Amino acid sequence: MTPEQRSRCMAAVKGKDTKPEMIVRKYLFSRGLRYRVNNRKLQGSPDIVLKKYKTVVFIDGCFWHGHEGCKYYRLPKTNVDFYRHNIAMNIARDYANVIDFRLTGWKVIRV
C-alpha cells in the first residue's frame, strides 16, 4: 500500500460519534445524566464530560490505544515500526492525561 492509499484509508477512520461512543452516550442519557461531547477546552478532548460530577469519559479504540490481550488489537504485518511507535505514543499520552485529570480532582473513566 502506498502512503497515498494509506492516508485515504486512515481518513475513513472516524474520531467522533463512533458506535461504542454512541452506545455509552445513549446509556448515560437514558439514566438521566447530561453531558458535553468532545470538549476541546479540556486536555485530551475527552469524549464525554460530566461536569456536574467532575468526571470525564474516554472511549478508546483497541488498535490505536494498544489494548493488549484484546481480540481487536493486532499489529499490521507491514510498517510495524511506524504503528508500534504511534501506539506507544498514544498510550503514553493517555497515561499523562489521566494523571493530569486526577491531580486536578477529576474522575476518569476509560472504556
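This report walks through a predicted protein model, from its overall layout to a few residues.

## How confident is the model?

Because this is a predicted structure, a good place to start is confidence. The mean pLDDT of the protein is 85, and 86% of its residues reach 70 or more. Confidence is highest in strand E2, residues 48-50, with a mean of 95. At the other end of the scale is helix H1, residues 3-11, where confidence is lowest, at a mean of 59. Where pLDDT is low, the predicted coordinates should not be read in detail.

## The overall layout

Now for the fold as a whole. The protein has three helices and four strands. If you follow the sequence from start to end, they come in the pattern α-α-β-β-β-α-β.

Of the 111 residues in the protein, 27% are buried. The accessible surface comes to about 8,200 Å², and carbon and sulfur atoms account for 58% of that surface. Looking at contacts with a separation of 6 or more, 41% are between residues 24 or more positions apart.

## Following helix H3

Helix H3 covers residues 80-103. Does its length make sense? At 1.5 Å a residue, its 24 residues should span 34 Å, and the end C-alpha atoms are 35 Å apart, so the two values agree. After H3 comes Gly-105, which has a positive phi, near 90 degrees. Which residues of H3 are buried? They are Tyr-83, Ile-87, Asn-90, Asp-94, Asn-97, Val-98 and Phe-101.

Ile-99 also lies in helix H3. Ile-99 has a relative accessible area of 33%, so this residue counts as partly exposed. Together with Tyr-95 and Leu-103, Ile-99 makes a nonpolar surface patch of about 360 Å².

## A closer look at Cys-62

Where is Cys-62 placed? You can find Cys-62 in the loop between strand E3 (55-58) and helix H3 (80-103). Its relative accessibility is 22%, and because buried means under 20%, Cys-62 counts as partly exposed.

What is Cys-62 in contact with, leaving aside its neighbours within four places in sequence? The residues are His-67, Cys-70, Tyr-72 and Tyr-73. Another residue to find on the model is Arg-74, 12 residues away from Cys-62 along the chain. The C-alpha atoms of Cys-62 and Arg-74 are separated by 9.0 Å.

Key
Residues numbered from 1 in each chain as written. Predicted model: local features only at pLDDT ≥ 70, side-chain atom pairs only at ≥ 80, totals over all residues. Heavy atoms only, no water. pLDDT = per-residue confidence, 0-100. Helix = DSSP H or I, 4+ residues; strand = E, 2+ residues; numbered from the N terminus. Buried < 20%, exposed > 50% of the residue type's maximum accessible area, 1.4 Å probe, protein only. Contact = heavy atoms within 4.5 Å. Patch = residues over 30% accessible without salt bridge, like charges linked within 9 Å, V, L, I, M, F, W, Y side chains within 5 Å. Areas by Shrake-Rupley, 256 points an atom, 1.4 Å probe, with all protein chains shown as cover. Salt bridge = Lys/Arg side-chain N within 4 Å of Asp/Glu carboxyl O. Expected span 1.5 Å × (residues − 1).
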